Amino acid sequence: MYINKQTAGTTAWLLAALFFTPLVLADAQAAVEIERGINEYVDTSESHLRKPDDPQPAVRVSSSTTDHSKLKPLQGPFSSGPEVTQACLKCHNEAGHQFMKGIHWTWEYKHPVTGQTLGKKHLVNNFCTNARGNEGMCAQCHAGYGWKDESFDFTDQTKIDCLVCHDSTGTYYRTPNSQGNEACTSMFVDRPPIEWTKVAQSVALPDRSNCGTCHFYGGGGDGVKHGDLDSSLKHPDKALDVHMDAQGLNFSCTECHQGEGHQWSGSRYNMMARDTEGTGKPGERRQVATCESCHGNSPHPGNNLKALKLNGHTDRVACQTCHIPTFARGGVATKIDWDWRSAGKLKDGEGFNIKDYTQGNGEHRATYKSIKGNFKYGENLKPTYAWFDGVMDYTTIDTQFVPDKAPIAINSFKGAYDDPDSRIWPFKVMNTIQPYDKGNNTLVYMHLWGDDSDAFWGNYDFARAIKVGMEKNGKPYSGEYDFIPTVSYWPITHMVAPKEDAVKCGECHAEDGRLSELEGFYMPGRDGFGWLDILGYMAVIGALLVAFVHGLIRFVMCKKRVTEHCRDKE
């Protein structure tokens, strides 16, 4: 049978399409994992748990003068966390008083500059939107036992959770303080029981895993909120963080976030954007967590021109701006966009997750969850840069705004080139579309978690969840809700790269460089004035020409022995 070339080509294409299309579809289907039910937060306490493939931590010499396993009050047996706390307080009889003054206990912060009452107890955010009224779930990261509603006793020291910060076995974990509804029943199953006596006798100073149990998982999952804090910092290499490098300096969080009396430095509500004091005398400067408190204000060694130029930047540019070229670069993605409008879709009457994002470490992340809506992720992200004076101002539940001016800034800040307290800082920017009170033009508290018919993570009914969330917290609600774009800003200060990987000069000093959006100052390499540049170039070229001609004339005259200077040398 005769077939011309065109027909043969068409036939081959059709055969190829018929053969490969199912394979392509199969691959695409394999990449998108649909997971029935909700297993949200199943891993929020996983950062403690040691895994077989975890590298061995670098050996550090303990400075402790006490072997807690030999102390009589810790011999047990214990069957609960509060029993362990009571034993701790028999020796550390001031620790409870100290701890209860701090933000890890109160979840409240009175901003000394803005006067705002902040803290997780009050704020609205653009992740899970609010902890207020959802303490049964959210207070899993409160350093206490059993906060599930307004009846929690903040004066009871026995409710302090000492182990979440001081367990060194890597086996201690926390669970929600109240039952969720049926949609969340698959959480926290098959966990091994806690060996209370063992963990009580194995207490130590906090390491990264202790802090990471909550701070790596802020916002509802690994790396979700901050972008520069995630589980990759549990055992980082030098390229990810020079200070926390597990085989190098191996800093714990408290090496920088130092403090006294169970109060730690480094709040992001009120930062020191520009540290003019630098290093203090040994034993001083406990309540700061700035780069300068260790490295000083002239951190680049040497008297050469390069060191002088780099040190000259420190009064205007934060150390983090150059030394954290990208964030979320340890193989764990961070959320950058969240759309609540799509929450509530069901399959066969049941919630589900769609996992079609594979992050750097190979783990699949959900881009859709019935309880939360759609997400977008990012890794190895260049920060957004801005002038920052260290003071964050928040849109609270009581703040009325103008919807036409959306996106509404959940937190905002000031800063300028001519402000002596400001420097150029790197930020992660988080964008969300979330519910708001359409009648009162305020953000809203939503009742998300609970074993009741009003909880959104079960009924998927925004109207009921918002109404109950506002009523339970005594906030006015018009009865009408809509969705509005919001934005929040997260200063980047972890994942410090080695100096050889720092941002290069040309990445900023360029017309389309990293700092191209900043205004109010002249920056060589980025800015120009046209005619002034031309005059400058002409002046430089003219000076070089004059020097060249002058030298040439002197050379020729010397060769001809015209000048007295040359004759004298003979």
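Begin the tour by selecting methionine 495: this residue is buried, with a relative accessible area of 0%. The model on display is predicted. Methionine 495 sits in the loop that runs between strand 16 (481–491) and helix 14 (505–508). Its backbone deserves attention, since methionine 495 has a positive phi of about 65 degrees although it is not a glycine. Most residues other than glycine have a negative phi.

**The whole chain**

Zoom out before the next stop. The protein has 570 residues, of which 43% count as buried. Its secondary structure comes to 16 helices and 16 strands. Among the contacts with a separation of 6 or more, 72% are accounted for by residues 24 or more positions apart. The accessible surface of the protein is about 30100 Å², and carbon and sulfur atoms hold 56% of that area.

**Further backbone features**

Select alanine 328 next. Where is alanine 328 found? Alanine 328 belongs to the loop between helix 11 (319–323) and strand 6 (334–339). Its phi is near 55 degrees, a positive value in a residue other than glycine. Is alanine 328 buried or exposed? Alanine 328 is buried, because its relative accessible area is 0% and the cut-off for burial is under 20%.

Two peptide bonds come next. Most peptide bonds are trans. Select glycine 76 and proline 77: the bond from glycine 76 to proline 77 is cis, with omega near 0 degrees. Proline 77 is in the loop between strand 1 (33–36) and helix 2 (81–91). Then select alanine 406 and proline 407, which are also joined by a cis peptide bond, with omega at about 10 degrees. The loop that holds proline 407 lies between strand 11 (392–394) and strand 12 (408–409).

**Arginine 423 and its backbone partners**

Move to arginine 423, a residue of strand 14 (residues 423–437). Arginine 423 has a relative accessible area of 2% and is therefore buried. Which backbone oxygen should be displayed beside this side chain? The backbone oxygen of alanine 273 lies 2.8 Å from a polar atom of the side chain of arginine 423. Display threonine 314 as well: its backbone oxygen lies 2.8 Å from a polar atom of the arginine 423 side chain.

**Strands 7, 8 and 9**

Select residues 364–369, which make up strand 8. This strand is mostly covered, with 5 of its 6 residues buried. Add strand 7 (residues 352–358), which pairs with strand 8 in the antiparallel sense over 5 bridges. Within this pairing, histidine 364 of strand 8 is the bridge partner of threonine 358. Strands 7 and 8 form a hairpin with 5 residues between them. Glycine 362, in the turn of that hairpin, has a positive phi of about 90 degrees.

Now extend the selection to strand 9 (residues 373–378). Strand 9 pairs with strand 8 in the antiparallel sense over 2 bridges. How many residues stand between strand 8 and strand 9 in their hairpin? There are 3 residues between these two strands. Label lysine 369 and glycine 373 here: lysine 369 stands opposite glycine 373 in strand 9. When viewing side chains, recall that in a regular strand they alternate between the two faces of the sheet.

**Helix 8**

Select residues 208–215, helix 8, where 6 of the 8 residues are buried. The buried residues are Arg208, Ser209, Asn210, Gly212, Thr213 and Cys214. What should be shown as part of their cover? Helix 6 (163–166) is included in what covers the buried residues of helix 8. At the start of helix 8, inspect aspartate 207, where a side-chain oxygen reaches to within 3.0 Å of the backbone nitrogen of serine 209.

**A nonpolar patch on the surface**

Finish with a surface view. Select Phe548, Val549, Leu552, Ile553, Phe555, Val556, Met557 and Val562, which form a nonpolar patch on the surface. Together these residues have about 710 Å² of accessible area. Center the view on isoleucine 553, a member of helix 15 (residues 531–559). Isoleucine 553 counts as partly exposed because its relative accessible area is 45%, between the limits of 20% and 50%.

Conventions. Residues numbered from 1 in each chain as written. Predicted model: local features only at pLDDT ≥ 70, side-chain atom pairs only at ≥ 80, totals over all residues. Heavy atoms only, no water. Buried < 20%, exposed > 50% of the residue type's maximum accessible area, 1.4 Å probe, protein only. Helix = DSSP H or I, 4+ residues; strand = E, 2+ residues; numbered from the N terminus. Contact = heavy atoms within 4.5 Å. Polar contact = N/O pair within 3.5 Å; in protein donor to acceptor, adjacent residues only side chain to side chain. Areas by Shrake-Rupley, 256 points an atom, 1.4 Å probe, with all protein chains shown as cover. Patch = residues over 30% accessible without salt bridge, like charges linked within 9 Å, V, L, I, M, F, W, Y side chains within 5 Å. Salt bridge = Lys/Arg side-chain N within 4 Å of Asp/Glu carboxyl O. Pairing = 2+ DSSP bridges.
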